[in-house]
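Reader: I should like to study this protein chain by means of questions. May we begin with the helices and sheets and then turn to single residues?

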Amino acid sequence: MPATGDGRAPGAADLPGAVDGALADRARTRSAGDRSAAPATAPTPIPHPRSDASAAVRDSRTAPSAAPLKLLVIEDDASDAQLLKAAVADSGAPIEIHWARGLEQASELLAPASAAARRGRPRSTDFSCVLLDLAAPADLPHPSDASDGLEGLHELLRRAPHTAVVVLTDAAGAELGAAAVAAGAQDFLIKHETDGPLLARALRYAVERKRADESQRRLVEAELRGQENARLQRHLLPTPLLDGAGLSFTRRYRPGRRRALLGGDFYDAVRTDDGTVHVVIGDVCGHGPDEAALGVALRIAWRTLVFAGLTGEALLTTLQHVLEHERRSDEIFATLCMLVIEPRGATGRLDELGAVETARLYLAGHPAPLLLGSDHRPVMLPADLAGPALGLLPCDDCDAVWPAHRLELHPGWRLLLYTDGLIEGRVGAGSRRLGQDGLADLIGDHLAAGLTRGRLVDSAIAEVEELNGGALADDVAVLLLERNPVQLILG
């Protein structure tokens, strides 16, 4: 809020004799004998004959200058307040001084008023620093019983926590001043030993210390929020429930957003009581936190529906209903690949090895998985029965169907499921994308080099990023599922 003509905030008490700047003029006159005369004001430069004279004069008069430090003095003694203003004038520093007789009056100037309260009244001034006399009465409505001389400071820090504070003490109160600094003030000064330059320097240093403290506080708060977000996101990542399945399950997940653990991609894998293994991988369009939250909602809904006994098109139809209710706009959709591996043999026991397993593959606008054979030649699974992505078409539309493609999985099978972030990276400096065929060739080369499981997936992602010329912009999720007759291995 702009101050009044004499440098006072609206509602602040008048300094004795401070009329039209007379006090400051007398202070300068009193100290003139100790200082050399100030040079006369430099005349306005004469503009160049070919320049705009009026513009030159206007520019010279509106040259930018340092913004004044806005200081609020809380002092109940009028004569001491007058001396402080004289000291500020003697310092020559650009300090705009205001005066309040106590904390109650100061609080009206310090506390930001609400929009409704500000109607019809001037706005309060944003002060850079407060100078508080500890000898002044605390002026508190409910003073504490245990008095340590810092009640006024404690109340000031509570009401103006983001404003720098310098306290004043008498010569015998140096220990109290040190205690004030320990309690939250930025500095203390001893009254009657403080001249103008010392006061101005202490105020400037206090403001800079407060800025540094505020920056450190915001940094710590940001770090704490980041740690909390990381813990939250980490717990939202799934833990596959595949005990007794005899499978090796390797997964890698890399969000496209920086400093995030979750993206719009999602995956999960569970084994139900009848021995059936259900695996899903999906991708919500977009890369922001809303898409990440929707991906988590879809994953949790998918797991719940699986344990409730749904599968196939009934599950996908219900999942689309969840998407339609949870998405923030009708343009949001999700691709999905779901694999249902039926129990082996009649009983589904792990000792029935060597039998061909059957599985059902459902694709909803998602890239088809790779079947990794023993000859190091990955085979792209058929996608001719793929249905639309979830959310693109109404469930009652005749085209919104997701038929199953039946697979035969021979002993030692391995399946690589992934999201499109892995295949949409560029190859070289041009616009050519890696694509599914390029990924199949890349995986085949790494298989021929003898890489398996986690090393295979990590090396493949690393080469895709190298071909792209840097980190991939889209979220990436990769699952490698393979028959392991010994024990479940999560990588």
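Reader: Which strands does α4 lie across, and at about what angle does α4 run to β1?

Author: The model discussed here is predicted. Helix α4 lies across three strands, namely β1 (69-74), β2 and β3 (129-133). With respect to β1, the direction of α4 is about 155°.

Reader: In what order do the five strands of the sheet with parallel pairing stand?

Author: This sheet is open, and its pairing is parallel. The twist from one strand to the next averages 25°. Read across the sheet, the order is β2-β1-β3-β4-β5.

Reader: Which strands stand at the edges of that sheet?

Author: An edge strand has a single partner strand, so one of its sides is left without a neighbour in the sheet. In the order β2-β1-β3-β4-β5, the strands in this position are β2 (95-100) and β5 (187-190).

Reader: Over how many bridges do β4 and β5 pair, and which residue of β5 does T169 stand opposite?

Author: Strand β4 covers residues 164-169, and its pairing with β5 is in the parallel sense. The number of bridges is four. Opposite T169 in β5 stands I190.

Reader: Which strands does helix α6 touch, and what angle does its direction make with that of β5?

Author: Helix α6, residues 174-183, packs on the sheet. The strands it touches are β4 and β5. Its direction and that of β5 make an angle of about 165°.

Reader: How are α4 and α5 arranged relative to each other, roughly parallel or roughly antiparallel?

Author: Two packed helices are described by the angle between their axes and the distance between the axes. For α4 (residues 103-110) and α5 (residues 151-159), the axes come within 11 Å and cross at roughly 15°, in a right-handed crossing. Angles under 35 degrees count as roughly parallel. The arrangement of α4 and α5 is therefore roughly parallel.

Reader: Which residues make the contact of α4 with α5, and how many of them are nonpolar, polar and charged?

Author: From α4, the contact draws on L103, E104, S107 and L110. From α5, it draws on G152, E155, L156 and R159. Sorted by class, the residues are three nonpolar, two polar and three charged.

Reader: Which residues of α5 are buried, and what do they pack against?

Author: The buried residues of α5 are E151, G152, L153, E155, L156 and L157. They pack against both helices and strands: β1, α4, β3, β4 and α6.

Reader: What is the strand order in the five-stranded sheet with antiparallel pairing, and which strands stand at its edges?

Author: This sheet is open too, with the order β7-β8-β9-β10-β13. Its neighbouring strands are turned against each other by 15° on average, direction ignored. Each edge strand has a single partner, so one side of it is left without a neighbour in the sheet; the edge strands are β7 (265-271) and β13 (405-409).

Reader: How many bridges join β10 to β13, and which residue stands opposite L361?

Author: Strand β10 comprises residues 357-364 and runs antiparallel to β13. The bridges that join them are five. In β13, the residue opposite L361 is H405.

Reader: Which strands do α8 and α9 touch or lie across, and at about what angles?

Author: Helix α8 (residues 289-307) lies across β7, β8 (277-284) and β9 (334-341), and runs at about 15° to β7. Helix α9 packs on the sheet and touches β9 and β10. The direction of α9 makes an angle with that of β9 of about 150°.

Reader: Is L316 buried or exposed, and which residues does L316 touch?

Author: L316 lies in helix α9, residues 312-326. A residue is buried if its relative accessible area is under 20%. L316 has 0% relative accessibility and so counts as buried. Leaving out residues up to four places away in sequence, L316 touches L336, M338, Y362, L390 and W402.

Reader: How far apart in space are E424 and D474?

Author: E424 is in the loop between β14 (414-418) and α10 (435-448), and is partly exposed at 39% relative accessible area. Apart from neighbours within four places in sequence, E424 is in contact with R433 and D474. E424 and D474 are 50 residues apart in sequence, and their C-alpha to C-alpha distance is 8.2 Å.

Reader: What percentage of the residues in the protein chain are buried?

Author: The protein chain has 11 helices and 16 strands. Of its 491 residues, the buried ones make up 44%.

Key. Residues numbered from 1 in each chain as written. Predicted model: local features only at pLDDT ≥ 70, side-chain atom pairs only at ≥ 80, totals over all residues. Heavy atoms only, no water. Axes fitted to C-alpha atoms, helices over the stretch in contact; angles between N-to-C directions. Helix = DSSP H or I, 4+ residues; strand = E, 2+ residues; numbered from the N terminus. Parallel < 35°, antiparallel > 145°, perpendicular 65-115°, else oblique. Left-handed = near helix turned anticlockwise from the far one by under 90°. Contact = heavy atoms within 4.5 Å. Nonpolar A, V, L, I, M, F, W, Y, C, P; charged D, E, K, R; others polar. Pairing = 2+ DSSP bridges. Buried < 20%, exposed > 50% of the residue type's maximum accessible area, 1.4 Å probe, protein only.
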